[in-house]
Amino acid sequence: HHHHEHDGMKRTLLLIVLTTLLLIGAVVVEKYCGLPTWQLLLVYLVPYLLIGHDTLKEAFEGIVRGDMFNEHFLMSVATVGALCIGFLPGAETEFPEAVFVMLFFQVGELFEDYAEDKSRDSISELMDIRPDTARVLRGNEEQMVDPNTVAIGDTVLIRPGEKIPLDGIITEGNTSLNTIALTGESMPRSARPDDEVISGCVNISGLIKVRVTKSFGESTASKIIKLVEESSANKSRSETFIRKFSRVYTPIVVFLAIALAIVPPFFADSYSTAFPVWLYRALTFLVVSCPCALVISVPLTFFGGIGGASRQGILIKGGNYMDTLAKAQTVVFDKT
């Protein structure tokens with residue numbers, strides 16, 4: 001899962017760089033080659049589709065689902081509008097704008113992914129509780145093995161200073177355990193034969209033998225890490241701010257644009273000559289109203305917040321949790 005995220009970010013970054021280069025190329029072509037408008041459109045469509053295909057796809061899926069007023073739809077309408085402007089009589093071409101809007105949107109998304117990635121990395125650092133090896137007693141000899149290969153009922157030997165690799169019950173030896181990684185309890189807990197121990201604790205003082213009661217995957221440390229890793233996937237379910245904003249903002253902008261194209265020409269001398277002018281204005285309005293600054297600033301805010309918190313050792317698993325924290329009035333802790 002993590003690697004898939006990572007590749008996604010690399011891909012996005014690559015797309016951003018490629019698009020930027022192609023956009024520069026397209027601007028040069030427009031300036032010096034004097035191509036007819038439709039050929040110019042083809043030149044700009046390459047970077048536009050390269051960077052925008054995901055957004056367009058999301059917008060289309062939204063329309064199919066009947067949930068069309070989202071940020072993807074807004075981006076798509078604004079950029080398609082920008083691409084169309086050039087074909088109106090007497091209008092300037094706005095092709096670069098279309099590419100820019102999509103580019104900005106992807107840059108924003110990249111920051112958001114990066115922030116989540118960082119928080120996931122700092123989580124695994126803080127959760128440095130998953131042991132990499134287990135020392136198993138087989139017959140009379142000790143073997144260092146991968147904890148995945150230890151069976152239930154095996155006896156593992158844990159020396160002072162080592163992490164407990166799997167959940168189990170002490171068969172011999174008295175010791176004290178540091179459970180801070182799991183419970184936040186800073187005082188060591190004493191443990192003696194017949195006590196249960198859970199993986200992720202650190203053995204402090206004595207040599208102990210533990211009979212394993214749970215497989216590695218079912219052990220506490222693995223389970224905690226799994227929960228943490230899965231929780232960062234919750235973002236998609238939550239209503240991020242930009243989505244809430246788009247819900248309200250997009251329909252207003254779209255309807256205003258339609259009104260702007262249709263209504264004012266009625267007050268002109270001839271509807272047919274006034275309409276293209278107002279259509280141009282409506283499309284311009286659409287392009288301008290695209291909330292690029294927002295699209296880039298919201299992920300940056302979360303990025304800053306998640307990063308700042310993780311430097312203080314506080315883990316925030318995603319943007320939606322920041323939203324919730326911002327609304328929290330009272331926080332109640334128990335001792336763990």
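**Close-up views of a predicted model**

**View 1. Strand β5 and its two partner strands.** Two bridges join β5 to strand β8, which covers residues 202-203, and these two strands run antiparallel. Within this pairing, Leu177 stands opposite Asn203 of β8. Strand β5 itself spans residues 175-178, and three bridges join it to strand β6, residues 189-191, again in the antiparallel sense. In that second pairing, the residue of β6 that stands opposite Ser176 is Ser190. As in every view described here, the strands and residues belong to a predicted model.

**View 2. An open sheet of six strands.** Read across the sheet, the strands follow the order β2-β1-β3-β9-β4-β7, and their pairing is antiparallel. Strands β2 (141-145) and β7 (196-197) stand at the edges, and because each has a single partner strand, one side of each is left without a neighbour in the sheet. At the β2 edge, five bridges connect β2 with β1, which is made up of residues 134-138, and the two strands pair in the antiparallel sense. One residue pair to look for here is Ala134 with Val145, its bridge partner in β2. In general, strands of a sheet pair through backbone hydrogen bonds, and this pairing may be either parallel or antiparallel.

**View 3. The largest nonpolar core and a second, separate one.** The largest nonpolar core holds 33 residues, and those that touch the most other members are Ile16, Tyr44, Tyr48, Ile51, Met75, Leu83 and Phe95. At least two residues of this core are supplied by each of the helices α1 (2-33), α2 (37-65), α3 (71-85), α4 (95-126), α7 (241-262) and α8 (271-288). Helix α4 gives the largest share, with nine residues. A second core, separate from this one, has 17 residues, among them Val136, Val156, Ile208 and Val210. In soluble globular proteins, nonpolar side chains tend to be buried together.

**View 4. The surroundings of Phe95.** When neighbours within four places in sequence are left aside, Phe95 is in contact with Thr37, Leu40, Leu41, Tyr44, Ala82, Leu83 and Phe87. Two of these partners, Tyr44 and Leu83, are listed together with Phe95 among the residues that touch the most other members of the largest core.

**View 5. Met322 in helix α10.** Met322 lies in α10, the helix formed by residues 319-327. Its relative accessibility is 16%, so Met322 counts as buried, the limit being under 20%. Not counting residues up to four places away in sequence, Met322 touches Thr301, Phe302, Gly305, Ile306 and Ile316. Gly305 is 17 residues from Met322 in sequence, and their C-alpha atoms are 8.0 Å apart in space.

Note on methods. Residues are numbered from 1 along each chain as its sequence is written. This is a predicted model: local features need pLDDT of at least 70, side-chain atom pairs count only at pLDDT 80 or more; totals for chains, interfaces and linings use all residues. Side-chain values use heavy atoms; hydrogens and water are left out. Two strands pair if DSSP finds at least two bridges between them. Helices (H or I, at least four residues) and strands (E, at least two) are DSSP runs, numbered from the N terminus. A nonpolar core is a set of buried Ala, Val, Leu, Ile, Met, Phe, Trp, Tyr and Cys residues joined through side-chain atoms within 4.5 Å. Buried means under 20% relative accessible area, exposed over 50%, partly exposed in between (1.4 Å probe, protein chains only). Contact means heavy atoms within 4.5 Å.
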